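Student: Could you take me through one part of this model in close detail? I would like to look at the charged side chains and how they pair up.

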Amino acid sequence: MTIEKVMAMLGEMKKGEKALIKSISGADRFVRRRLLDLGIAEGAEVCIKCVLPFGGPVMLESCGQCVGIRRREAFRIEVERV
């Protein structure tokens, strides 16, 4: 029995899904710095709280705090679905 790791981009995730951050290196350096300052780094578990319509931001929760990031930045963050 093998366990497949389902890789995706954070922007592809739906409300209520959980994932582990695998790489934030594709994100803008200011976004990367902000995420790291908030404790969201490779290996952190995040939960999608809300995906706003019309290309709006993605709200995610990690370490007990909610963070909103631009959808185009979310599509640059690689995650593994949990």
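Tutor: Happy to; what follows goes from the whole chain to its salt bridges, and then to one acidic residue beside a helix.

Please keep in mind that this is a predicted model. The protein chain contains two helices and six strands, and in sequence order these run β-β-α-β-β-β-α-β. Its radius of gyration is 12 Å, close to the 12 Å given by the globule rule for 82 residues, so the chain is as compact as a globular protein of that length. The C-alpha trace extends about 40 × 25 × 25 Å along its principal axes. Of the 82 residues, 33% are buried. Among contacts with a separation of 6 or more, 60% are between residues 24 or more positions apart. As for the surface, the chain exposes about 5,200 Å², with 53% of that supplied by carbon and sulfur atoms.

Now to the charges. The chain carries 15 positive and 11 negative ones, and the mean positions of the two groups are 5 Å apart. Side chains of opposite charge can pair when their charged atoms come close. Here the structure holds five salt bridges, and three of them deserve a slow look.

Let's begin with glutamate 17 and arginine 81, whose closest N and O atoms are 3.9 Å apart. For a salt bridge the cut-off is 4 Å, so this pair, at 3.9 Å, is counted. Glutamate 17 sits in the loop between strand S1 (7–9) and strand S2 (18–23), while arginine 81 belongs to strand S6 (residues 78–81), so this bridge ties together parts that are 64 residues apart in sequence. Both partners are partly exposed: glutamate 17 has a relative accessible area of 25%, and arginine 81 has 32%.

Strand S6 also supplies the next acidic partner, glutamate 80. The side chain of glutamate 80 meets that of lysine 22 in a salt bridge, at 3.2 Å from N to O. Because glutamate 80 lies in strand S6 and lysine 22 in strand S2, the pair ties together parts 58 residues apart in sequence. The two ends of this bridge fall into separate classes of burial. Glutamate 80 is buried, with a relative accessible area of 12%, which is under the 20% cut-off, whereas lysine 22 is partly exposed at 35%.

The third bridge joins the side chains of glutamate 61 and lysine 49, with an N to O distance of 3.0 Å. Glutamate 61 is in strand S4 (residues 58–62) and lysine 49 in strand S3 (residues 45–51), so here the parts tied together are twelve residues apart in sequence. Glutamate 61 is partly exposed, at 25% relative accessible area, and lysine 49 is partly exposed as well, at 36%.

One more acidic residue is worth finding on your screen. Aspartate 28 is placed in the loop between S2 and helix H1 (29–37), and with a relative accessible area of 30% this residue is partly exposed. Leaving aside residues up to four places away in sequence, aspartate 28 touches Glu73 and Arg76. Glutamate 73 is 45 residues from aspartate 28 along the chain, yet their C-alpha atoms are separated by 7.2 Å.

To put the bridges back together: glutamate 17 pairs with arginine 81, glutamate 80 with lysine 22, and glutamate 61 with lysine 49.

How values were computed: Residues are numbered from 1 along each chain as its sequence is written. This is a predicted model: local features need pLDDT of at least 70, side-chain atom pairs count only at pLDDT 80 or more; totals for chains, interfaces and linings use all residues. Side-chain values use heavy atoms; hydrogens and water are left out. Helices (H or I, at least four residues) and strands (E, at least two) are DSSP runs, numbered from the N terminus. The radius of gyration is taken over C-alpha atoms; the globule rule is 2.2 Å times the number of residues to the power 0.38. Buried means under 20% relative accessible area, exposed over 50%, partly exposed in between (1.4 Å probe, protein chains only). Contact means heavy atoms within 4.5 Å. Accessible areas come from the Shrake-Rupley method with a 1.4 Å probe; for residues, only the protein chains shown count as cover. Lys and Arg count as positive and Asp and Glu as negative; His and the chain ends are not counted. The place of a charge is taken as NZ of Lys, CZ of Arg, CG of Asp or CD of Glu.
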